[in-house]
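User: Please take me through how the chains in this model fit together. Keep it short, and give the cut-offs as you go.

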Amino acid sequence: MAPLITLTTDFGTRDPYVAELKGVLLSQGPEALRVVDLSHELDPFDVHAAALFVRAAVPRFPAHTVHVVVVDPGVGSRRRALIVERGDSLLVGPDNCVFSYLYDGSEVVYEIDPARLGARPISATFHGRDVFAPVAAQLATGAPPSALGSRIDVYERMVFPMVDMQGDVLHGRVIHVDRYGNLITNIAEGTLRSFLGLDERAFTLVLGDHTIRSLSTHYAEARPGELLALVGSSGLIEVAAREASASRLLAAEVGRAIRVQRPS
Amino acid sequence: MAPLITLTTDFGTRDPYVAELKGVLLSQGPEALRVVDLSHELDPFDVHAAALFVRAAVPRFPAHTVHVVVVDPGVGSRRRALIVERGDSLLVGPDNCVFSYLYDGSEVVYEIDPARLGARPISATFHGRDVFAPVAAQLATGAPPSALGSRIDVYERMVFPMVDMQGDVLHGRVIHVDRYGNLITNIAEGTLRSFLGLDERAFTLVLGDHTIRSLSTHYAEARPGELLALVGSSGLIEVAAREASASRLLAAEVGRAIRVQRPS
Amino acid sequence: MAPLITLTTDFGTRDPYVAELKGVLLSQGPEALRVVDLSHELDPFDVHAAALFVRAAVPRFPAHTVHVVVVDPGVGSRRRALIVERGDSLLVGPDNCVFSYLYDGSEVVYEIDPARLGARPISATFHGRDVFAPVAAQLATGAPPSALGSRIDVYERMVFPMVDMQGDVLHGRVIHVDRYGNLITNIAEGTLRSFLGLDERAFTLVLGDHTIRSLSTHYAEARPGELLALVGSSGLIEVAAREASASRLLAAEVGRAIRVQRPS
């Protein structure tokens with residue numbers, strides 16, 4: 001089977017950085033190496049957005065895929081470069097929490113040893129091209145992680161932003177605003193259902209001055225421009241507006257508080 | 001021959017939606033399935049822009065390509081999910097007119113039956129990932145449309161925006177503004193030539209206060225910043241400015257009226 | 001080995017132009033033709049930005065890659081269409097300097113003869129689709145450049161913007177601003193080191209009212225928001241700000257003067 005390598009970066013494509021990285025991959029890999037763009041439009045330096053992206057995307061890919069993720073404000077410093085074995089996937093990127101939301105205790109983490117990459121020069125500002133791409137090409141073509149680095153037990157991680165339950169109020173917040181202006185919260189569907197219990201009709205969501213009194217199943221349930229709340233495609237509660245931007249309507253960005261109430 | 005699947009969406013790539021869709025495709029298809037990005041930058045919810053895009057792009061692809069098009073504000077509602085056989089291409093997407101400009105009466109249309117996709121869960125907000133991608137993977141690997149849905153005779157369609165001919169005036173309008181600011185109109189080259197007859201030099205185009213008195217063949221015929229009119233690469237009349245944006249110069253957007261006059 | 005074709009354009013992907021070009025390539029090439037997107041987000045009409053992009057990207061790709069570059073404000077005019085043999089790469093695009101920074105005197109240049117492409121129609125506004133893509137597909141599948149055009153000795157070129165050394169001052173300028181807001185200058189690392197001689201600590205860089213007194217090795221050496229100067233990943237001096245945009249902080253764009261001083 002042809003090895004598959006995915007790319008997720010904050011590089012944009014106006015600059016040659018993605019092209020250089022692809023050139024390195026396609027130079028080192030064999031004929032059938034397949035490179036798939038996931039995103040190059042992550043917000044610059046936004047490690048948390050990258051972690052959320054990775055959480056949603058990686059589990060959809062087939063076994064043995066190598067995922068390269070480069071959102072790397074600490075490039076060139078002493079931050080380490082990692083290979084993570086997680087289930088049947090391999091992840092390659094900086095040790096800065098981008099993979100945190102895939103960690104479940106079963107992951108095996110290696111610190112890449114650049115000396116094992118051969119005698120090529122390594123730019124202090126572009127490890128995507130000079131470290132992560134060569135490592136990914138070698139992994140995809142069969143090198144074991146242990147040939148490229150040493151196993152480590154301590155590495156950066158963060159926890160998924162928790163909701164806070166206080167009596168009859170569930171306090172959450174907006175953790176991502178997508179292209180449509182949908183406000184994605186940290187409230188998981190399961191958390192909501194166990195909070196509301198049997199009486200799902202009792203759902204009330206409050207964001208600033210706005211109150212939404214029911215949980216919809218899809219966007220077209222509302223009238224054009226009207227706000228609604230629903231379970232999004234990643235299993236998180238989101239606030240949306242039909243064919244409009246909830247973010248713009250509510251002037252709401254990442255970090256905005258949101259609460260769900262049940263009758264007392 | 002390796003099956004080819006193209007992707008055209010309004011998802012952008014800042015969010016994980018395209019990545020998730022690709023993961024599903026690459027998980028289900030065999031090794032040699034080829035996924036080609038056409039666009040993920042269509043304007044959100046803009047079904048008409050998507051239909052124009054599809055009209056220009058699909059006919060350029062080889063036989064047996066499967067085209068997935070997801071601009072889908074009605075996702076999760078009762079709008080149907082379609083497979084369209086059109087010539088030797090297969091189209092997969094929502095029943096909301098995105099394929100209209102390819103319809104010529106020869107198309108064969110199927111309503112997808114999600115029950116035939118197996119027992120996977122289907123999000124009410126992301127049929128791209130949960131319905132269209134699995135259907136495309138199955139079609140690309142040889143499943144006949146009739147295995148995934150039932151033939152239907154009634155489906156959404158729209159007609160290409162008509163020009164209006166009144167005496168010596170041809171009334172058209174801007175139907176798309178491209179990245180360069182070129183104003184693409186609904187006036188086809190053939191319509192223009194039969195309207196003008198033998199005397200092509202009589203061409204006069206009026207847009208607001210501006211008059212263009214000749215039909216150019218290419219952009220560099222004008223001086224930098226100067227307006228011109230020509231037959232664009234899709235066979236439609238467009239108003240452009242050399243190395244500048246006609247849209248900005250004329251403050252003209254989609255819908256703007258345009259007229260061509262001939263001497264009375 | 002499966003032939004590789006890269007695409008670099010200023011088309012964007014909101015419009016169908018990239019899709020049409022890919023359709024032509026995939027229609028003409030055999031099953032295993034591989035098309036790789038490098039960029040479609042170059043600034044419209046910006047030939048110099050394209051030349052810088054090509055300079056950084058092309059050398060990273062394996063032998064026998066065919067690179068299609070379409071930033072082509074002169075399309076349809078008498079500007080020529082080129083095939084360039086450069087080392088073991090093939091370049092296809094307009095004769096407007098986009099390949100200049102790869103020229104080293106060893107290049108062999110052909111003017112494409114559209115008559116040799118067969119009887120297909122050629123739009124006067126879209127040679128990417130109608131000339132460059134068919135040529136690239138034929139080159140990738142083994143046609144020699146001489147079958148598609150005639151060798152020429154005179155073609156457009158520009159020289160890399162020179163620095164100016166006056167006594168103890170090296171005068172350079174910003175030639176590119178990248179997505180992060182890093183200001184990339186025309187001062188090569190080698191030029192800087194020979195200018196400063198042994199005493200690298202003597203480095204002082206001045207941009208407008210701002211002075212940077214040391215050469216860093218990586219971005220994380222500065223405090224968040226602080227300015228620094230370093231050797232970027234293409235071997236050119238750049239001015240950056242840690243996790244911030246130097247371009248915004250300094251209100252500096254392409255063309256901005258920059259100078260490096262040594263003690264007199």
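User: By what turn can chain A be laid on chain B?
Analyst: The fit is by least squares on the C-alpha atoms of residues with pLDDT of at least 70 in both copies. Chain A goes onto chain B with an RMSD of 0.0 Å and a shift of 0.0 Å along the axis. The turn is 120°.

User: What are the ground rules for these values?
Analyst: This is a predicted model, where local features need pLDDT of at least 70 and side-chain atom pairs count only at pLDDT 80 or more, while totals for chains, interfaces and linings use all residues. Residues are numbered from 1 along each chain as its sequence is written, chains are lettered from A and ligands numbered from 1 in the order in which they are written, and side-chain values use heavy atoms, with hydrogens and water left out.

User: Which kind of axis relates chain A and chain C?
Analyst: Chain A can also be laid on chain C, with an RMSD of 0.0 Å. That takes a turn of 120° and a shift of 0.0 Å along the axis. The two copies are thus related as by a three-fold rotation axis.

User: How many residues of chain A and of chain B are in contact?
Analyst: Contact means heavy atoms within 4.5 Å. By that rule, the residues touching across this pair number 34 in chain A and 32 in chain B.

User: Which three residues of chain A supply more of the area buried against chain B than any other three?
Analyst: Buried area is the accessible area (1.4 Å probe) that two parts lose on being put together, summed over both. Chain A and chain B bury about 2900 Å² between them, and carbon and sulfur atoms give 56% of it. Of the area that chain A buries here, 27% comes from three residues: Arg60(A), Arg179(A) and Tyr180(A).

User: Which residue forms a salt bridge with Arg60(A)?
Analyst: A salt bridge needs a side-chain nitrogen of Lys or Arg within 4 Å of a carboxyl oxygen of Asp or Glu. Three are counted between chain A and chain B. In one of them, the closest N and O atoms are 3.8 Å apart, and the partner of Arg60(A) is Glu20(B).

User: Which element gives the largest share of the side of chain A that touches chain B?
Analyst: Helices (H or I, at least four residues) and strands (E, at least two) are DSSP runs, numbered from the N terminus. Elements giving two or more residues to this side are strand E2 (34-39), helix H2 (47-57), strand E9 (169-177) and strand E14 (227-231) of chain A. The largest share is five residues, from E2(A).

User: Which element of chain A gives the most to the side that touches chain C?
Analyst: Here the contact takes 32 residues from chain A and 34 residues from chain C. Three salt bridges are counted between the two chains, among them Asp43(C) with Arg14(A) at 3.2 Å, N to O. Eight residues of the chain A side come from helix H1 (residues 17-28).

User: Where in chain A does the partner of Arg60(C) lie?
Analyst: Arg60(C) forms a salt bridge with Glu20(A), with the closest N and O atoms 3.8 Å apart. Arg60(C) is in the loop between helix H2 (47-57) and strand E3 (66-70) of chain C. Glu20(A) is in helix H1.

User: Why do the copies meet through different surfaces?
Analyst: The test is the overlap between the interface residues of chain A and those of chain C. The copies meet through different surfaces because the share of chain A interface residues that are also interface residues in chain C is only 6%.

User: Which class of aromatic pair do Phe11(A) and Phe126(A) form?
Analyst: Rings of Phe, Tyr and Trp (its six-membered ring) pair if their centres lie within 6.5 Å; planes under 30 degrees apart count as stacked, over 60 as edge-to-face and the rest as tilted. The count is 18 aromatic pairs over all chains. The centres of Phe11(A) and Phe126(A) are 5.7 Å apart and their planes are at 80°, so the pair is edge-to-face.
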